2 protein chains.
Amino acid sequence: MLVQRLLQGDRRAVARLISLVEDGDSRAYRYLTELYPHTGRAHIIGVTGAPGTGKSSLVSALAKVERRRGRTVGIISVDPTSPFTGGALLGDRIRMQDLTADRGVFIRSMASRGRVGGLAAATTDAVRVLDAFGKDKIFVETVGAGQAEVDIAKTAHTTIVVEAPGLGDEIQAFKAGVLEIADVFVVNKADRDGADKTVNALRAMLDLGTPIRARDGQAGDWRPPILKTIAIEEKGVEPLADELERHLAYLKSGDHLAARERERVADELETLLARELLADCLHRLGSDRIAQIVEQIANRALDPHSAAQLLARSADGIPVEGSAPTPAEARH
Amino acid sequence: MLVQRLLQGDRRAVARLISLVEDGDSRAYRYLTELYPHTGRAHIIGVTGAPGTGKSSLVSALAKVERRRGRTVGIISVDPTSPFTGGALLGDRIRMQDLTADRGVFIRSMASRGRVGGLAAATTDAVRVLDAFGKDKIFVETVGAGQAEVDIAKTAHTTIVVEAPGLGDEIQAFKAGVLEIADVFVVNKADRDGADKTVNALRAMLDLGTPIRARDGQAGDWRPPILKTIAIEEKGVEPLADELERHLAYLKSGDHLAARERERVADELETLLARELLADCLHRLGSDRIAQIVEQIANRALDPHSAAQLLARSADGIPVEGSAPTPAEARH
C-alpha cells in the first residue's frame with residue numbers, strides 16, 4: 001500500500017518510508033524488499049567536504065541546473081554526528097529554500113538516530129527509496145570527511161569532493177583520505193584569495209596519489225578533474241554538471257558501473273549480515289550471560305578478544321542459552 | 001617475549017605491538033590477551049574537535065603540565081580518514097616536537113589502514129598497550145567529529161571537546177553531536193575575536209542539551225565545564241588539567257567509573273563479536289556462494305536485506321558450504 005502510493009508518485013509516502021528507515025522500523029525492510037526491483041536507474045552523486053566549503057549551496061545550484069535540463073532531483077543531506085531528529089537542520093533548510101517549492105525536487109535531512117554504523121545503511125536505503133520514486137539525479141551531501149562519509153561515498157556512483165580556499169590548515173584538508181573517494185574535485189568559493197593555490201595543491205596531491213589509486217584497482221583510467229565554482233552565484237556549475245555526465249558515461253563504458261555496483265552490494269551485504277548475525281547471537285546468549293561476560297572483562301578476568309572468539313564459537317548452533325563453556329574452562 | 005619486554009619498559013616493544021595491532025596481525029591478539037590483566041590503571045582522555053581548533057597544541061600543552069606534575073603520558077593521534085601509514089603525519093610531528101625527547105612521553109599516530117570500523121578497535125587496543133606500559137595519562141586525539149570520533153570517545157574516561165572562535169559556520173560546530181560525548185569543553189585560541197561568543201553559544205547549547213543527556217541516563221550530575229585556553233602560549237592549561245582530575249574524581253565516586261567501563265566493554269565486545277561472527281559466516285559460505293548472491297542483488301533478483309537474513313539463517317550450524325537454500329527457494 002505504502003509502496004504502491006510511492007510508485008504512483010505520492011511524496012508523503014516517500015517521507016513516511018524514509019522515516020521508517022531512519023527509525024530502523026522492521027516494516028521498512030518489507031517495503032524495501034518490494035521496492036528493490038524498481039531501483040537501479042538513478043545517478044547517485046555523493047558530495048562531501050569540510051564544513052564551510054559550501055556543499056549545500058553547491059548541491060542547490062547543481063539541482064537547479066539538473067532541473068533546467070529536465071531531470072528530477074533527490075537530495076539527501078546527511079549529518080553523521082547529529083543526535084537530533086532528521087527533519088530539522090535549520091541551516092540546510094535555509095540554504096535549500098529556493099528548491100522546496102519545486103515538485104521535481106525531493107529534499108530530506110538525515111541524522112544519526114540509531115546505532116553505530118546505522119546511518120550509512122539508512123542513507124543507502126533512503127537513496128533507494130528516492131531511486132524507486134523515479135528521481136533521475138540523487139545528491140547525497142555529507143558533512144565533513146570522516147569514516148561515515150567514506151562509507152556513504154561508497155553508495156554513490158560519482159563522488160564530488162568540495163574544497164574552498166583559506167579554510168585554515170591546508171594539510172588537514174588533504175589528510176582526509178579524499179583521494180580515495182573523489183571522482184570530481186570542486187574548489188568552491190573560487191572568487192576568494194588562494195583559489196588557484198588550492199587547485200594547484202589538489203593537482204599536486206592528485207599527481208602524488210595516482211599510483212595509490214592504481215594499486216587499489218580503483219578508478220583506472222579516470223583522472224578526477226578539478227573545477228572551480230562560485231555556488232551562491234551559480235558560476236561554474238553547468239561545467240560541473242557536464243563533468244558528472246562525463247563520469248557517468250565513463251562508468252557505463254566497459255565494466256566500471258557493474259564493478260562498482262558489485263563492490264557496493266558486497267559491502268552492504270557484509271554490513272547487514274554482520275548485524276543479523278550479531279542480533280541472532282546476542283538473542284541466543286541472553287542478556288544475563290552477556291552481562292556476566294562483560295563483568296568478567298571489566299574485572300580483567302577475561303580479555304575482550306578471547307571473549308568474542310569464545311562467544312562466537314559457543315553461540316554456534318546452540319540455541320539454548322547457558323550451555324556455552326564458561327570463560328574459565330575456555331582458557332585451558 | 002614482546003610482552004615481557006614491554007612490561008619491563010622497552011619502548012620499541014610498545015611501538016612494535018601497536019604496529020601489529022594497526023595491521024590487524026593475528027599475533028597482536030595473543031599479546032593483548034597477555035597484557036590485558038596489566039591494564040585498567042591509566043586515565044584515558046579523548047580530545048576531539050574540528051580541524052583548526054588546535055587540538056594537537058592543546059594535547060602537547062596538557063602533556064607538559066602532566067609531566068610537571070610527575071605523571072607519565074601517552075599520546076595517540078588518530079586520523080580516521082587518512083589511508084596513509086600511521087607514523088608520518090608531518091603536522092603532528094612538528095606540533096609535538098618539544099615532547100619527543102622526553103622518555104616519559106610516548107607519542108603515536110594511527111591511521112586507517114584496514115577495514116571499516118577497524119580504526120576505533122585498533123585505537124582501543126593501542127590505548128590498552130600504553131596502559132599496560134604504565135602511562136598515567138593517555139590522550140587520544142581525533143580529527144573532526146564524525147562517527148569514528150564518537151566511537152573513539154567511548155573508549156575514553158574523560159572527553160574534551162575543543163572549539164575555537166571564528167571557524168566559519170558556527171552552527172556546523174554545534175551540530176556535531178558533541179553534547180553527547182563532551183565531559184569538558186575547551187574554547188582554544190581564546191585570544192581571538194569571538195571567544196566569549198563561542199563560550200556563550202556552548203553554554204546555551206548545554207542548557208538546551210541537558211534534558212537529552214539526562215534522558216539517556218548519561219553523565220547524571222556532571223555538568224561539563226567550559227574553559228578558555230591559548231594552547232600555544234600554554235595559557236589556561238593548568239586549570240584544564242585540574243578539571244580533568246576533578247572529572248576523574250567524579251567518575252571514581254559512586255558507580256560512574258565502573259558503569260562507564262561496563263558500557264565500554266559491552267560496546268567493544270559487540271564490535272569484536274560481530275567481526276568474529278561475520279568472518280566465520282563468510283568462511284563457511286565460501287567466496288563463490290557470496291559472489292553468486294552479490295550478483296543476484298546487483299541484478300535486482302534479490303534485495304540486500306532478504307539476502308542478509310537468508311545467509312545468516314543458512315550459515316547457522318551448517319559447516320559445509322553449498323548446502324544453504326538458494327535464494328529462489330527461500331523466496332517461496
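Glu22(A) lies in helix H2 of chain A, a helix that covers residues 11–22, and in this predicted model the residue counts as buried because 25 other C-beta atoms lie within 10 Å, where 20 or more are needed for that label. Glu22(A) also shows how the fold brings together parts of the chain that are separated in sequence: Glu22(A) and Ala126(A) stand 104 residues apart along the chain, yet their C-alpha atoms are 8.2 Å apart in space.

A second pair of this kind involves Ser109(A), which belongs to strand E3 of chain A, spanning residues 105–111. Ser109(A) is buried because it has 22 C-beta neighbours inside 10 Å, and its C-alpha atom is 5.7 Å from that of Ile76(A), a residue 33 positions away in sequence.

These two pairs can be set beside the totals for the chain. Chain A contains 14 helices and seven strands, and of its 332 residues, 50% are buried. Among the contacts in chain A with a separation of 6 or more, 75% are between residues 24 or more positions apart.

From these totals one can turn to strand E1 of chain A, made up of residues 43–49, which is largely enclosed by the rest of the structure because seven of its seven residues are buried. The side chains can be followed in two sets, with His43(A), Ile45(A), Val47(A) and Gly49(A) pointing one way from E1(A), while Ile44(A), Gly46(A) and Thr48(A) point the other way, and all of these residues are buried. E1(A) pairs with strand E5 of chain A, residues 158–163, in the parallel sense and over four bridges; within this pairing, Gly46(A) stands opposite Thr159(A) of E5(A).

Strand E1 of chain B, residues 43–49, can be read in a similar order. Seven of the seven residues in this strand are buried, and it is therefore largely enclosed by the rest of the structure. Both faces of E1(B) are covered, since the buried residues include His43(B), Ile45(B), Val47(B) and Gly49(B) on one side and Ile44(B), Gly46(B) and Thr48(B) on the other. The partner strand is E5 of chain B, residues 158–163, which runs parallel to E1(B) and is joined to it over four bridges, and Thr48(B) has Val161(B) in E5(B) as its bridge partner.

The packing of helices within chain A can be followed at helix H4, residues 55–68, and helix H10, residues 237–252, whose axes come within 9 Å and cross at roughly 75°. That angle makes H4(A) roughly perpendicular to H10(A), because angles of 65 to 115 degrees are counted in that class. On the H4(A) side the contact is made by Ala61(A), Leu62(A), Val65(A) and Glu66(A), which meet Val237(A), Glu238(A), Leu240(A) and Ala241(A) of H10(A). Sorted by type, the residues of this contact are six nonpolar, no polar and two charged.

A contact between the two chains follows, formed by helix H11 of chain A, residues 256–285, and helix H13 of chain B, residues 287–298, with axes that come within 9 Å and cross at roughly 115°. This crossing angle makes H11(A) roughly perpendicular to H13(B), and H11(A) passes H13(B) in a right-handed crossing. From H11(A), the residues Ala258(A), Glu261(A), Arg262(A), Val265(A), Ala266(A) and Leu269(A) take part, and they meet Ile293(B), Val294(B), Ile297(B) and Ala298(B) in H13(B). The residues of this contact between chains divide into eight nonpolar, no polar and two charged.

Chain B also offers two points of backbone geometry that deserve attention, given that most residues other than glycine have a negative phi. Arg300(B) is not a glycine, and yet its phi is positive, at about 65°; the residue is placed in the loop between H13 and helix H14 (304–314) of chain B, and it counts as exposed because it has 12 C-beta neighbours inside 10 Å. Glu234(B), likewise a residue other than glycine, has a positive phi near 55° and sits in the loop between strand E7 (226–228) and helix H11 (237–252) of chain B. With 16 C-beta neighbours inside 10 Å, Glu234(B) is classed as partly exposed.

How values were computed
Residues numbered from 1 in each chain as written. Chains lettered and ligands numbered in written order. Predicted model: local features only at pLDDT ≥ 70, side-chain atom pairs only at ≥ 80, totals over all residues. Axes fitted to C-alpha atoms, helices over the stretch in contact; angles between N-to-C directions. Parallel < 35°, antiparallel > 145°, perpendicular 65-115°, else oblique. Left-handed = near helix turned anticlockwise from the far one by under 90°. Contact = placed C-beta atoms within 7 Å. Nonpolar A, V, L, I, M, F, W, Y, C, P; charged D, E, K, R; others polar. Pairing = 2+ DSSP bridges.
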